[in-house]
Amino acid sequence: MSTQPPLAATLLLTISLLLLISTTTDAHNITRILAKHPSFSSFNHYLTVTHLAADINRRQTITVLALDNAAMSSLIAKGLPIYTLRNVLSLHVLVDYFGAKKLHQITDGTTLTSSMFQATGTATGTSGYVNITNLKGGKVGFGAEDNDGKLDSLYVKSVEEIPYNISILQISQALNSAEAEAPTAAPSLNLTTIMSKQGCQTFLDLLKATGALSTFEETVDGGLTVFCPTDGAVNGFMPKYKNLTAAKKVSLLLYHGIPVYYSLQMLKSNNGVMNTLATEGANKYDFTVQDDGEDVKLETKVVTATVTGTLKDEEPLIVYKIDKVLQPRELFKAVEAPEPAPAPKGAKKKKPAKKGKAAAVEADAPGPDGATDDYADDTTAADDNGVSKMDGGRLAMVFLSLCSVVILF
């Protein structure tokens, strides 16, 4: 009986470890999942507006009782304020996993399960608990526990399941709950008070003088991230600011707001281009967020500012302090890349370029997608770094091929 060569066994063990690393499960994203199902577009929209989407994504085990557009229309017709609507929708998010199969295997045919409405501490008593009952004929009913035990909604179908991470189940209509629908006061998020007490008075004065403050205030409920330059930064920028037209002053100020709530951790993990309150049509007015170790930097092509502190963090509003005024490339000249330093004396001269048509053709010959000049250098660099940038799956395949060769010999 032959034994497997030690080298082959080692390679197989390595492959197993690499495959295990490369097959880790990504965290779920409720917004992306529902975006694939247009019949739930309204439900998806209000999960985002009420900031429930972010809470759902942070949880590892969750069941979402989704409402299609028709069911959402009936709910929206009640005219509930946005913070009350958040409570109602959070009642439809269960903090346990229920796949379609589990619904029909409930012990004793009925169970009470906690929702995110109950988990937040907003609900009193048994409010916030949802009754799930396996009915005759294969039907499953759902009802809020504070609704006199009525099962006012039925299971329709499974939309998507990732066991045992997230399950999205469609139900026929919204759950009725007097507790969830009770008026809910909006949190007190006064930008004027926050900024005036935290070293951003000069920037606040500009917002008031131009009328831009109203745009910031109107955006808070839907989510707002503000980058406030310090008083010293604004004062040093004033000579440039005074040369702008009234319309450009407003655009500059709106450029310091993002119409989405971004915590510091979210900024660090969502590096890339961000639209701002000034973004409209062809006017991009965007900047790039880039983490630099523990710091977060905002790059505009004209200037790079650093987030130096957080003035207020109470979702849906967060206000950061930054060390420079953000200058959009639409209003100011972008910083040009520095010219290369001259070659030192005595350096070896390059060979003269080829003459004639052949040289011209060779110089202008495009690479893939029409690239020229630096294409060869870029390709060489990519080839040199190919192994180091190879992902886990491809690396595993390489080892698998090597292993096959070893076993054959």
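Helices H10 and H13 lie oblique to each other, and that pairing is a good place to start a walk through this predicted model.

**The H10 and H13 pair**

H10 covers residues 201-210 and H13 covers residues 246-254. Their axes are 10 Å apart and meet at an angle of about 135 degrees. Angles over 145 degrees would count as roughly antiparallel and 65 to 115 as roughly perpendicular, so the rest, this one included, are called oblique. The crossing of H10 past H13 is left-handed.

Which residues make the contact? On the H10 side you will find Phe-203, Leu-206, Leu-207 and Thr-210, and they meet Lys-249, Val-250 and Leu-253 of H13. Sorted by class, this contact has five nonpolar residues, one polar and one charged. As a reminder for reading such lists, residues three or four places apart in an α-helix point the same way, because there are 3.6 residues a turn.

**Helix H3 and its surroundings**

Now turn to H3, residues 41-49. Four of its residues to look for are Ser-42, Phe-43, Asn-44 and Leu-47, which are buried. What covers them? The cover includes helices H2 (30-35), H4 (52-58), H5 (69-76) and H6 (82-90), along with strand E1 (62-66). Just after H3 comes His-51, whose phi is positive, at about 70 degrees.

**Two open sheets**

Strand E1, part of the cover over H3, also belongs to an open sheet of seven strands with mixed pairing. Another open sheet, again of seven strands and mixed pairing, contains E8 and E9. Here they are side by side.

| Strand order | Edge strands |
|---|---|
| E2-E1-E7-E6-E5-E4-E3 | E2 (93-94) and E3 (110-114) |
| E9-E8-E14-E13-E12-E11-E10 | E9 (257-258) and E10 (272-274) |

In the sheet holding E1, the edge strands E2 and E3 each have a single partner strand, so one side of each is left without a neighbour in the sheet. In the sheet holding E8, E9 and E10 likewise pair on one side only.

How do E1 and E7 run, parallel or antiparallel? They run parallel, and five bridges join E1 to E7, which spans residues 166-171. Within this pair, Leu-65 stands opposite Leu-169 in E7.

For E8 (residues 224-229) and its neighbour E9, two bridges make the join and the strands run antiparallel. Here Val-226 stands opposite Gly-257 in E9.

Notes:
Residues numbered from 1 in each chain as written. Predicted model: local features only at pLDDT ≥ 70, side-chain atom pairs only at ≥ 80, totals over all residues. Heavy atoms only, no water. Axes fitted to C-alpha atoms, helices over the stretch in contact; angles between N-to-C directions. Parallel < 35°, antiparallel > 145°, perpendicular 65-115°, else oblique. Left-handed = near helix turned anticlockwise from the far one by under 90°. Contact = heavy atoms within 4.5 Å. Nonpolar A, V, L, I, M, F, W, Y, C, P; charged D, E, K, R; others polar. Buried < 20%, exposed > 50% of the residue type's maximum accessible area, 1.4 Å probe, protein only. Pairing = 2+ DSSP bridges.
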